[in-house]
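Trainee: I've got the structure open and a pile of labels to go with it. Can we go through what earns each label?

Mentor: Sure, let's put it up and take the labels in turn.

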Amino acid sequence: MTVYAHPADTITNCGGTLARHADAGDEVVALILTHGGRIHANRYAEEWRKDRPDDAIARAGLDDIVAFKKAELRRAADIVGIGKVITLDHDDSSAALRDALVDEVAEQIANERPDVIICDYPQNPVMAGNTHTVATTTALAAIGRAGTFLRNLDGQAEFHVKQVFLTSL
């Protein structure tokens with residue numbers, strides 16, 4: 001399972017590794033925390049730089065950009081062999097660790113039960129301005145939280161991830 005901030009991150013940071021695992025028959029799941037509409041909207045930003053921008057692209061709203069990013073991710077996931085893509089669709093301007101998101105990620109981890117999680121190397125846990133670091137800090141907190149689930153209190157049993165691998169930014 002990968003846990004990354006934005007739709008493009010899983011593919012650009014470890015797509016080759018995921019393809020090898022998919023080819024070997026491993027189940028590959030991508031968990032994406034944000035919609036990526038603000039951070040990775042290159043197609044739209046570049047359109048505004050043209051002398052004659054395509055009006056449909058240049059005037060796209062956030063919903064249009066998010067839909068495009070999701071479709072782009074699904075096409076790439078099909079090529080790489082990612083069997084399941086889970087998008088939580090939080091705003092990608094988030095700059096802080098939030099308990100509600102940690103709970104949401106912990107639930108996904110417990111539901112998917114991955115042996116391995118891959119996420120970004122956190123530059124510095126107190127560097128809240130970096131959404132990649134916030135995503136990884138969220139993932140690490142969620143891994144810990146999933147390990148403390150109690151079936152009678154949380155509706156599911158505890159789950160322990162075996163390995164965590166960090167990719168560079």
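Mentor: Start with a cut-off: a residue is called buried when its relative accessible area is under 20%. Keep in mind that this is a predicted model. By that cut-off, buried residues make up 45% of the 169 residues in the protein.

Trainee: Okay, then why is C14 called buried?

Mentor: C14 has 4% relative accessibility, and the limit is under 20%, so C14 counts as buried.

Trainee: And what makes C119 buried?

Mentor: The relative accessible area of C119 is 0%. That is under 20%, so C119 is buried.

Trainee: With those two cysteines around, how do you know how many disulfides there are?

Mentor: A disulfide needs two cysteine sulfur atoms within 2.5 Å. The cysteine sulfur closest to that of C14 is in C119, 9.5 Å away, so that pair is too far apart for a bond. Looking from the other side, C119 is in no disulfide either, with the sulfur of C14 as its nearest cysteine sulfur. The count for the protein comes to zero disulfides.

Trainee: Back to C14, then. What happens to helix α1 at C14?

Mentor: Helix α1, residues 7-23, bends there by about 80 degrees. C14 is also one of the buried residues of α1, along with P7, D9, T10, G15 and L18. Those buried residues pack against several elements, including β1 (2-4), β2 (29-34), β4 (116-120) and α6 (131-146). Just after α1, G25 takes a positive phi of about 95 degrees.

Trainee: Why is β4 described as largely enclosed?

Mentor: Four of its five residues are buried, so the rest of the structure largely encloses β4.

Trainee: How do you know that β4 and β5 pair?

Mentor: Pairing takes at least two bridges between the strands. β4 and β5 have five bridges, in the parallel sense, so they meet that requirement. For example, I118 has F165 in β5 as its bridge partner.

Trainee: Zooming out, how does the radius of gyration of the protein agree with a compact globule?

Mentor: For 169 residues, a compact globule would come out near 15 Å; the protein has 17 Å, so the two agree. Its C-alpha trace spans about 60 × 35 × 30 Å along the principal axes.

Trainee: And which elements make up the protein?

Mentor: There are seven helices and five strands. Along the sequence they follow the pattern β-α-β-α-α-α-β-α-β-α-α-β.

Definitions and conventions. Residues are numbered from 1 along each chain as its sequence is written. This is a predicted model: local features need pLDDT of at least 70, side-chain atom pairs count only at pLDDT 80 or more; totals for chains, interfaces and linings use all residues. Side-chain values use heavy atoms; hydrogens and water are left out. The bend at a residue is the angle between axes fitted to the seven residues ending there and the seven starting there. Helices (H or I, at least four residues) and strands (E, at least two) are DSSP runs, numbered from the N terminus. Buried means under 20% relative accessible area, exposed over 50%, partly exposed in between (1.4 Å probe, protein chains only). Contact means heavy atoms within 4.5 Å. The radius of gyration is taken over C-alpha atoms; the globule rule is 2.2 Å times the number of residues to the power 0.38.
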